[in-house]
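This report introduces a reader to one structure, beginning with a term that the later paragraphs rely on. The sequence and the model are shown below.

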Amino acid sequence: MENLRIAGPALPDMPWEDRPAGSNEVLWRYSANPIIGRHALSTSNSIFNSAVVPFRNGKYNYAGVFRCDDTNRRMRIHVGFSVDGLKWDIEEADFRLEGADPEIGEWAYGYDPRVAKIDDKYYVTWCNGYHGPTIGIAWTEDFRTFHQLENAFLPYNRNGVMFPRKIGGKFAMLSRPSDTGHTPFGDIFYSESPDLCYWGRHRHVMSPAAFEVSAWQCMKIGAGPVPIETSEGWLLFYHGVLRSCNGYVYAFGSALLDLEEPWKVTARSGPYLISPREPYECMGDVPNVTFPCAALHDPATGRVAVYYGCADTVTGLAFGYIPEIVEFTKKNSIL
Ligand code: BMA
């Protein structure tokens, strides 16, 4: 993968730690995980499944939207800023949405946010409560004012993840139709929109894998961070779920999607990249969950830092090289 081209702005100072000596892992965990503890706010029960982007604002170089469940166990989204992408100043008050049609603007709950920068705006998508979970969308330019748009889909839907540029002249999003509960099924679909109000031309992307082929992703799958554009296709990190005798286990792996027709999957990893193993991934409010929602990357060095929720309680970080991950995905593809 020496000649792999990677899109995106330069990020030479992104969070990073070299692969530990003797490790042959494609993605390795940060030695100081978790980077955000459950009690970072005075009211928080847990902070996880959260999204960050490069964003300059005074002394800060990064901004993010964080899933903070409070001690009523209400699911809320809070804004945070960081100098180095590791230590985060998360605001005590949850984020405020403006401008929505009052019929959909009434807040019920929100969780598992993602952020995509498209042109000069940052688009937040999240699982938004509206007679059940669906995909909410809001845009911001300053991480202060968030302008809420129409929900993208009918309930029930989760894991709405936008692409970082228009495709075929349209906004594009991956999502995972689901149910009102702890959905025991789930495929990833692709939808497009000319105006961020009406979404259509829905296309199937991929289903769970056969148990005999890749068990960690045999029950349901869902898109993770905003896909990364490379000359080998969109690099997508996605989570997969296995039902064990002790409940659901959430791991994540990688896939490559066609650049202009992203519902066409060109490679998909059989082995996982990260599966719950460390105490902070295996112990918490929901044991055995590693759930990626964001990635920072630097095109010149190929470095990527993946932010993932751990056991629905805290936030962790894992590092890798995009060319190696692309090669791993192709070499171990189950297609
Ligand atoms: C999913 C979502 C995620 C969560 C996961 C494991 O359905 O609710 O937020 O991390 O379950 O509990």
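Helices of at least four residues and strands of at least two are DSSP runs, numbered from the N terminus. With that numbering, Ala-215 can be placed in the loop between strand E14 (200-206) and strand E15 (220-223). The model described here is a predicted one.

Ala-215 has a relative accessible area of 26%, and because buried means under 20% and exposed over 50%, the residue is partly exposed. Along the chain Ala-215 and Trp-16 are 199 residues apart, and their C-alpha atoms are separated by 30 Å.

**The ligand and its surroundings**

Which residues are found around the ligand? They are Asn-49, Arg-67, Tyr-111, Asp-112, Tyr-250, Val-286, Val-289, Phe-291 and Asp-312. Sorted by character, this shell divides into five nonpolar residues, one polar residue and three charged residues. The space that the ligand takes up is the second largest pocket.

Three side chains, listed in the table, place a polar atom at a short listed distance from an oxygen atom of the ligand.

| Side chain | Distance from its polar atom to a ligand oxygen atom |
|---|---|
| Asn-49 | 2.9 Å |
| Arg-67 | 2.7 Å |
| Asp-112 | 2.6 Å |

Taken on its own, the ligand has 300 Å² of accessible area, of which the protein covers 87%.

**Ser-50 in strand E2**

Ser-50 lies in strand E2, which spans residues 44-57. Is Ser-50 buried or exposed? Its relative accessibility is 3%, and therefore Ser-50 counts as buried. A polar atom of the Ser-50 side chain lies 2.6 Å from the backbone oxygen of Phe-48. The side chain of Ser-50 also reaches the backbone nitrogen of Arg-67, at 2.9 Å, and Arg-67 is one of the residues around the ligand.

**Backbone features**

Where in the chain do cis peptide bonds occur? One of them runs from Asn-33 to Pro-34, with omega near -5°, and Pro-34 is found in the loop between strand E1 (28-29) and E2. Another cis peptide bond joins Pro-155 and Tyr-156, with omega at about 10°. Tyr-156 is found in the loop between strand E10 (146-148) and strand E11 (157-162).

Asp-119, although it is not a glycine, has a positive phi of about 55°, and a positive phi of about 55° is also given for Asn-159, which is not a glycine either. The setting of each can be described in turn. Asp-119 is found in the loop between strand E7 (110-118) and strand E8 (121-129), whereas the place of Asn-159 is in strand E11. As for accessibility, Asp-119 counts as exposed because its relative accessibility is 63%, while Asn-159, with a relative accessible area of 5%, is buried.

**Returning to the ligand**

A reader who wishes to follow these points in the model may begin with Asn-49, whose side chain has an N or O atom 2.9 Å from an oxygen atom of the ligand. Ser-50 can be examined after that, in strand E2, followed by its contact at 2.9 Å with the backbone nitrogen of Arg-67. The side chain of Arg-67 in turn has a polar atom 2.7 Å from an oxygen atom of the ligand.

How values were computed
Residues numbered from 1 in each chain as written. Predicted model: local features only at pLDDT ≥ 70, side-chain atom pairs only at ≥ 80, totals over all residues. Heavy atoms only, no water. Near = heavy atom within 4 Å. Polar contact = N/O pair within 3.5 Å; in protein donor to acceptor, adjacent residues only side chain to side chain. Areas by Shrake-Rupley, 256 points an atom, 1.4 Å probe, with all protein chains shown as cover. 1 Å grid on protein atoms, 1.4 Å probe; cavity = no way out; pocket = protein on both sides within 12 Å on 5 of 7 lines; lining within 4 Å. Sits in = over half its atoms within 2 Å of the grid points. Nonpolar A, V, L, I, M, F, W, Y, C, P; charged D, E, K, R; others polar. Buried < 20%, exposed > 50% of the residue type's maximum accessible area, 1.4 Å probe, protein only.
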